[in-house]
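Open the model in your viewer and keep the selection box handy. We will go from stop to stop, and at each one you will hear what to select and what is there.

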Amino acid sequence: MPKISRDEVAHLAKLARLAVTEHELDVFAGQLDHILDAVAKVSEVAAEDIPPTSHAVPLTNVFREDVVRPGLTQQQALAGAPAAEEGRFRVPRILGEEQ
Amino acid sequence: MTDLTKLTAAELAGKIHAREVSSVEVTQAHLDRIAEVDSFVHAFLHVDADGALAAARAVDDAVGRGDAPASAIAGVPLALKDVLTTKGIPTTCGSRTLEGWIPPYDATVTRKLREAGVPILGKTNMDEFAMGSSTENSAFGVTRNPWDDTRIPGGSGGGSAASIAAFEAPLAIGTDTGGSIRQPGAVTGTVGVKPTYGGVSRYGLVAFSSSLDQAGPCARTVLDAALLHEVIAGHDRMDSTSIDAPVPAVVAAAREGLRGDLTGMKVGVVKEFGGDGYQPGVQRSFEAAVAQLRALGAEVVEVSCPNFTYALPAYYLIAPSECSSNLARFDAMRYGLRVSDDGAHSAEEVMSLTREEGFGAEVKRRIMLGTYALSSGYYDAYYGSAQKVRTLIRRDFDAAFEKVDVLVSPTTPTTAFKIGERVDDPMAMYLADLCTIPANLAGNAAMSVPSGLSDEDGLPVGLQIMAPALADDRLYRVGAAFEAAREPVLDRVPDLTRGGFVPAGALSPAEAAK
């Protein structure tokens, strides 16, 4: 019984905004199944009473003075944009016909 | 005249600051070397000759005026991994997604290098977004190992390691999320250091796995790595995870180590790393290295870190999870690639089509793996369990460092493997990071230093040294003492100027053992 099906991989690709091809689905399904099988080993030692570590350095809030500092100009911020118009990022339509 | 590309960074800095040679001459010598050999090494994605020479001239002018050098390595050129932003110079992260992108700002590491008077020769090749162990995942072609053109230079920072092994640069910057500085160092016969997490600012380091990513030095000697380490390290308010503490005195520690005495130092050999699954020549080189440490006066004991065998699976859940989130920023809206913006496709479709075209297979695999591990229903079993393993790894380190000052292991289980050998088998590729990952998960400092050539294939082997967080100086003391006692590995790298590569592996076992 595979850990992950081809349909599940297709769903993941959709969630991750990757328009994968049919061929990629075949390849990735097998590879992800193989990888998940290997990494599932973590559950062997992950007992209830062990606290999780999300970060190597214990983090507390880091504050700074709320003062104005130089940032990017509008021109700099738009310099790498795939499309810009009237000093703004131009994006494809966001709403569909029915919305 | 001395071949300037063969000198160490420390030697070059001494000559530049004493006005025996100019930084322009040194920089030009490396640019010439790049022009001569990089067409087949392919360590660089972009060479910035004008920028490097301008920076060199500024150093020469300052030296000429009698000003104190801006840093201990002022005037010594460097190769920068293409994952750190450089204002006005392309930064691609080895990805089609960022092809042609010119960052509007410098990473803190870049800024510190500029302020230290370090000419930046160019940007080095890497696995796409630093995901890989061979540099084969770059969208812009493979980098060849200067020891053998049929073999990988390690990854993800294969370009940085290859550039210094090929004498195209005396220094380079890498980044290490699971071993991407140390494993390339091991397989190219160079020194690579992953500083303590938070020791070097991540501002402007394009994020792969934020809780693990750390920039660090690549060099041909331990002292050179220390000199570069002190330039790039230190607290930065632009990175809230940057450690607000003094930089460990790594240069002083390297100089101390060069005296060749490790009396009083306790070294632990990690019991779980070695033996079955390790290339016999790597294992033998490691055993010889341990004997060498003992001969230098160190007390060597075996230490068990039972949970280290779970580090690899934990890493391949944590890193993909963080990457699936971090790479969501590549949405085709504000910078980078955009395809199919023809009026017929919605923003969401443009996003999906662009990411499909802009990302390579490994990046897609990891994004999907991370998306899966973080999805409800699987979160506890995968990501949650991996975070618990991270706690266990940390506990293993804490217990070990109560008994010893540093831990040692082979850096990677094999010497450089063949180009193409593991590309279709992700799990086989991941095994290259087996020994390097624990230090990333716990945030410790770790180094790979050349331990010699493997007797069966004549290729370099690395000794990994691991120290507690903020004790980076111990790596340098032990590494420098070890290095001083061994014959320099890079003296045996093929001469790339004589019609390309002379295959390694031509050494007899007796020669290799020298």
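A nonpolar core is a set of buried Ala, Val, Leu, Ile, Met, Phe, Trp, Tyr and Cys residues joined through C-beta atoms within 7 Å. A residue is buried if 20 or more other C-beta atoms lie within 10 Å of its own, exposed if 12 or fewer, and partly exposed in between, with the C-beta atoms placed from the backbone.

Before the first stop, a note on the model and its labels. This is a predicted model, in which local features need pLDDT of at least 70 and side-chain atom pairs count only at pLDDT 80 or more, while totals for chains, interfaces and linings use all residues. Residues are numbered from 1 along each chain as its sequence is written, and chains are lettered from A and ligands numbered from 1 in the order in which they are written.

**Stop 1: the core**

Select Ile73(B), Leu78(B), Ala314(B), Leu317(B), Met368(B) and Ile465(B): these have the most contacts inside the largest nonpolar core, which has 180 residues. Next, colour α10(B), which gives the most to this core, with nine residues. Helices here are DSSP runs of H or I with at least four residues, strands are runs of E with at least two, and both are numbered from the N terminus.

Now centre on Leu78(B). Leaving aside residues up to four places away in sequence, Leu78(B) touches eight listed partners, among them Leu113(B), Val118(B), Ile120(B) and Ile173(B). Two residues are in contact if their C-beta atoms, placed from the backbone, lie within 7 Å.

**Stop 2: a strand and its partners**

Select residues 445-453 of chain B, which is strand β10. Nine of its nine residues are buried, so β10(B) is largely enclosed by the rest of the structure. Two strands pair if DSSP finds at least two bridges between them. Add β5(B), residues 191-194, which pairs with β10(B) in the antiparallel sense over three bridges; here Gly192(B) stands opposite Ser448(B). Then add β11(B), residues 460-467, antiparallel to β10(B) over eight bridges. Look for Pro450(B) and its bridge partner Gly462(B). β10(B) and β11(B) form a hairpin with six residues between them, and Gly458(B) in the turn has a positive phi of about 70°.

**Stop 3: backbone oddities**

Go to His42(B), in the loop between α2 (23-41) and β1 (44-47) of chain B. His42(B) is not a glycine, yet its phi is positive, about 55°. Is His42(B) buried or exposed? His42(B) is buried, with 21 other C-beta atoms within 10 Å.

Move on to the loop between β3 and α5 of chain B, where you will find Thr135(B). Its phi is near 65°, again positive in a residue other than glycine, and Thr135(B) counts as buried, with 34 C-beta neighbours inside 10 Å. Ser156(B) is also found in the loop between β3 (120-124) and α5 (158-165). A cis peptide bond joins Gly155(B) and Ser156(B), with omega about 10°.

**Stop 4: where the chains meet**

Show both chains: 54 residues of chain B are in contact with 46 residues of chain A. On the side of chain B that touches chain A, α13(B) gives the most, with eleven residues.

**Stop 5: chain A**

Finally, show chain A alone and follow its pattern, α-α-α-β-β. Its C-alpha atoms fill a box of roughly 55 × 45 × 25 Å, taken along the principal axes. Of its 99 residues, 21% are buried.
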